Amino acid sequence: MQKLFTLILFIVISIQVNAQEVSIPDNIKLKTADDYKKTEDLVLKCIDWYFKTPSNENPELHKEVSTFLIKWVTGTPLVTIEVTADIVAIEDPMIMMTYLIGWTQYSLKNNYSKDNIACALAGAEKSIEYYKKNKSITGKNSEMEKLIKLQEKGKLQAKVEKAFN
């Protein structure tokens, strides 16, 4: 019985460790729409990893993943992102990054959604989630604190809708 328990524990730990790993192949080219399409699974995996991994954990991989995601997000013809200072603190790179990839994740998982309100809301919510997890590392941000209060009061969607209307 103890051997079975040990085996199950080992499998669970292995799955968790492997789920947390991400690797960007050296030979990725992003020139055509088809190139971007072929890398969507990797993009989603990288986004999941980014949101699950604290910003101070594995800084080299964080930098590599961030660089790849920014290159993909800014070059893809498949997802169009609209940024407005009314929703996201554009002067904070971490917040901007989480907004962009939150929007991208929502769009990709929802058949290339062009619904700016739904995508922006997803980006804002992912930014809030990441900020809360990493606030002790990155420090307090007054703009994010305002978004959190709106979310807690159930008014975040109204803020997003107002920004796009």
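Leaving aside its neighbours within four places in sequence, which residues is Y106 in contact with? Let us start from that residue and work outwards. The model you are looking at is a predicted one, and Y106 has its place in helix α5. Beyond its sequence neighbours within four places, Y106 is in contact with S113, A118, C119 and A122. For C119 there is also a backbone distance to look at: its C-alpha atom is 5.9 Å from that of Y106, with the two positions 13 residues apart in sequence numbering. Y106 is partly exposed, because its relative accessible area is 28%, and a residue counts as buried under 20%.

Before following α5 further, it helps to step back to the whole chain. The chain contains 8 helices and 0 strands, so the pattern along the sequence reads α-α-α-α-α-α-α-α. The chain has 165 residues, of which 42% count as buried. If you take the contacts in the chain with a separation of 6 or more, 63% of them join residues that are 24 or more positions apart.

Back to α5, then, and to one of its partners. The helices α5 and α6 (residues 116-138) have axes that come within 7 Å and cross at roughly 135°. That angle makes α5 oblique to α6, since values over 115 and up to 145 degrees fall outside the parallel, antiparallel and perpendicular ranges. The crossing of α5 past α6 is right-handed. On the α5 side, the residues that meet α6 are M94, I95, T98, Y99, G102, W103, Q105, Y106 and S107. Their counterparts in α6 are N116, A118, C119, A120, A122, G123, A124, K126, S127, Y130, Y131 and T138. Our starting residue, Y106, is thus part of this contact. Sorted by class, the residues of the contact of α5 with α6 are 12 nonpolar, 8 polar and 1 charged.

The next stop is the packing of α5 with helix α3. Helix α3 spans residues 40-52 and α5 spans residues 93-109; the two pack at an angle of about 135°, and their axes are 10 Å apart. Because of that angle, α3 is oblique to α5. Here the crossing, α3 past α5, is left-handed. From α3, the contact draws on E40, V43, L44, I47, D48, Y50 and F51. From α5, it uses M94, M97, T98, I101, G102, T104, Q105, L108 and K109. The contact of α3 with α5 is made up of 9 nonpolar, 4 polar and 3 charged residues.

One residue to click on here is Q105, which lies in α5. Q105 appears in the contact with α3 and also in the contact with α6. Is Q105 buried or exposed? Its relative accessibility is 8%, so Q105 counts as buried. Not counting residues up to four places away in sequence, Q105 touches L44, I47, D48, F51 and K126. The C-alpha atoms of Q105 and I47 are 7.1 Å apart in space, although the two residues are 58 residues apart in sequence.

Now move along the chain to helix α7 (residues 142-152), whose buried residues are M144, E145, L147 and I148. They lie on the same side of α7, because they cover an arc of only 160° around the axis. What do these buried residues pack against? Their partners are α5, α6 and α8 (156-164). E145, in α7, has a relative accessible area of 17% and is therefore buried. Setting aside residues up to four places away in sequence, E145 touches Y131, K135 and K140.

Finally, here is a residue outside the helices. L30 is found in the loop between α1 (2-20) and α2 (33-38). With a relative accessibility of 12%, L30 counts as buried. Residues up to four places away aside, L30 touches D35, Y36, T39, F68, K71 and W72. For W72, the C-alpha separation from L30 is 7.4 Å, while the two are 42 residues apart along the chain.

Notes:
Residues numbered from 1 in each chain as written. Predicted model: local features only at pLDDT ≥ 70, side-chain atom pairs only at ≥ 80, totals over all residues. Heavy atoms only, no water. Axes fitted to C-alpha atoms, helices over the stretch in contact; angles between N-to-C directions. Helix = DSSP H or I, 4+ residues; strand = E, 2+ residues; numbered from the N terminus. Parallel < 35°, antiparallel > 145°, perpendicular 65-115°, else oblique. Left-handed = near helix turned anticlockwise from the far one by under 90°. Contact = heavy atoms within 4.5 Å. Nonpolar A, V, L, I, M, F, W, Y, C, P; charged D, E, K, R; others polar. Buried < 20%, exposed > 50% of the residue type's maximum accessible area, 1.4 Å probe, protein only. Arc of directions from axis to C-beta.
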